[in-house]
Amino acid sequence: MSRSRVALVQCPTYDPDRVYEALQRGIALLGGVDRFVQPGEQLLLKPNLLAGDVPDKVVTTHPSVLAGCARILQEAGADVAFGDSPGLDGPVHAAERAGLMEAGIEAGAAFVDFSSGRRIHNPDGDPVSGFPIAEPVLEADGLINLAKMKTHQLVRVTGAVKNLFGCIPGKRKALYHVQFQDVMGFSALLVEIALRVRPRLHVMDGIVAMEGNGPRSGDPTPMNALLLSEDPVALDATFCRLIALDPANVPTTTIGAERGLGQYRAEQIEILGDPIEELRNPDFRVVRTRVRSNAYLAHVTAIKNVTLPKPVIDEALCVRCGKCVEACPVPDKAVRFDDGRKAPPRYHYDLCIRCYCCHEMCPERAVEKHTPLLGRILGLG
């Protein structure tokens, strides 16, 4: 089996010209732009637009990366659009606040709305027989995935595979968290989405990454790197190796390899460009233990509440905005205001499915993940 190729390009700044040059170099290392676009094609850029946060918070793909990719594709003769499906914010508002709207439009790319979609059939039927995909994704000639280098409380890291969850339109994403409460089932869903939409190229913005309490409440840390690959699993595995995280501990990489999405073992990947040793950060704050299935615990409330990690609210940081309540996908709301808004929302852990949607959507960094002592002993953190 041939090795997957990952271009690793050092880039210490978001200066638009420097980013454009670094992206050009990465694409050249993979065989040149003609490998990914033909003149006259309609190509879609899919950034990470989790929420409408300003670029300095490193929650979203940086505008310079979006603009640089749009420029390169247009110079190759493509018509370029961009879009995503944020967790809570309206797509237009989120794109404007994140700086992506201005950067994309100035670069000549059209903004498209991911709010509606069509159901596509999943021939394997595992873990589902089908799911909706946003109309612009289905209508484009090709998709370019612009991921952000971040940690994630459920699957350890947000990378190329996880970023494609945004191809699911609107609030349907929250419903899948209810349907797939076990992290392994949810990871299998992420892999199947990636298999169906099949981006031509994956680009990861790791110039400034997010460590710690990601994917929205973590801390910026310079990684000074852009990663590019046709293989999303290999790209995510290289991200893992940059931060001293074993890719085998991340379920989207192992399940992705099992299902033919890509390769994650070191001997299966060829790193092109700059040496990985020069960009590695072993002190990057991320949980490095293996993600384990919680299916055998998730439906026994008495056991679940003393073993599984759970979200908790720091009342000193909470402003009672209610975003966590809005984000909770459980019909009866596992987190809710029991006393109006006189006090912060309260968790009802017997209902909580540990999807961390509340954590992802909190704009004040007030939701943290806590693992009970028994859960830490069992390695469930």
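## Two cis prolines and an unusual Arg

Pro 127 sits in the loop that links β5 (117-121) and β6 (130-134). Keep in mind that what you're looking at is a predicted model. The thing to spot in this loop is the peptide bond from Asp 126 to Pro 127, which is cis, with omega near 5 degrees. There's another cis bond at Gly 214 to Pro 215, and here omega is near 15 degrees. To find Pro 215, go to the loop between β9 (201-211) and β10 (219-229).

Arg 320 is worth a look for its backbone too. Its phi is near 60 degrees, which is a positive value in a residue other than glycine. You'll find Arg 320 in the loop between β12 (310-313) and α13.

## How α10 packs against α8

Two packed helices are described by the angle between their axes and the distance between the axes. Take helix α8 (residues 183-197) and helix α10 (residues 251-258): their axes are 9 Å apart, and the angle is about 60 degrees. That angle makes α8 oblique to α10. As for handedness, the crossing of α8 and α10 is right-handed.

Which residues do the touching? On the α8 side they are Met 184, Ser 187, Ala 188, Leu 190 and Val 191, and they meet Pro 251, Thr 252, Ile 255 and Gly 256 of α10. Sorted by class, the residues of this α8 and α10 contact come out as six nonpolar, three polar and no charged.

## How α10 packs against α9

Helix α10 has another partner to look at. The axes of helix α9 (residues 232-242) and α10 come within 9 Å, crossing at roughly 150 degrees. An angle over 145 degrees counts as roughly antiparallel, and so α9 and α10 are roughly antiparallel to each other. The crossing of α9 and α10 is left-handed.

In this contact, Val 233, Asp 236 and Ala 237 of α9 meet Thr 253, Gly 256 and Ala 257 of α10. The mix here is three nonpolar, two polar and one charged. If Gly 256 rings a bell, that's fair: Gly 256 is also listed among the α10 residues that meet α8.

## The largest pocket

Now for the spaces in the model. The largest pocket holds about 470 Å³ of space. Its lining is made of 31 residues, and those nearest the centre are Leu 50, Gly 87, Lys 173, Glu 360 and Met 361. Several elements give two or more residues to this lining: β7 (142-152), α6 (160-163), α7 (172-179), α13 (323-327) and α14 (357-361).

Which element gives the most to the lining of the largest pocket? That's α7, with four residues. By class, the lining of the largest pocket divides into 13 nonpolar, nine polar and nine charged residues.

## The second largest pocket

The second largest pocket contains about 270 Å³ of space. It is lined by 17 residues, with Gln 153, Gly 212, Asn 213, Val 287 and Lys 369 the closest to its centre. Strand β7 turns up here again, as β7 and β15 (367-370) each supply at least two residues of this lining.

What kinds of residues line the second largest pocket? There are two nonpolar, 10 polar and five charged residues in this lining.

## Closed spaces inside

Besides the pockets, the model has six cavities of 30 Å³ or more. The largest cavity has a volume of about 200 Å³. Around it are 16 lining residues, and Val 183, Arg 292, Asn 294, Pro 309 and Leu 380 lie nearest its centre. The lining of the largest cavity divides into seven nonpolar, four polar and five charged residues.

The second largest cavity has about 90 Å³ of space. Its lining counts 15 residues, and nearest the centre you'll see Cys 318, Cys 321, Cys 324, Cys 362 and Ala 366. By class, the lining of the second largest cavity has 11 nonpolar residues, one polar and three charged.

Note on methods: Residues are numbered from 1 along each chain as its sequence is written. This is a predicted model: local features need pLDDT of at least 70, side-chain atom pairs count only at pLDDT 80 or more; totals for chains, interfaces and linings use all residues. Side-chain values use heavy atoms; hydrogens and water are left out. Axes are lines fitted to C-alpha atoms, for helices over the stretch in contact, and angles run from 0 to 180 degrees between N-to-C directions. Angles under 35 degrees count as roughly parallel, over 145 as roughly antiparallel, 65 to 115 as roughly perpendicular and the rest as oblique. A crossing is left-handed if the near helix is turned anticlockwise from the far one by less than a right angle, and right-handed if clockwise. Contact means heavy atoms within 4.5 Å. Ala, Val, Leu, Ile, Met, Phe, Trp, Tyr, Cys and Pro count as nonpolar, Asp, Glu, Lys and Arg as charged, and the others, Gly among them, as polar. On a 1 Å grid over the protein atoms alone, a cavity is a set of points where a 1.4 Å probe fits but cannot get out, and a pocket is an open set with protein on both sides within 12 Å along at least five of seven lines; lining residues have an atom within 4 Å of a point. Grid points are joined across faces, edges and corners, and a volume is the space filled by probe spheres set on the points.
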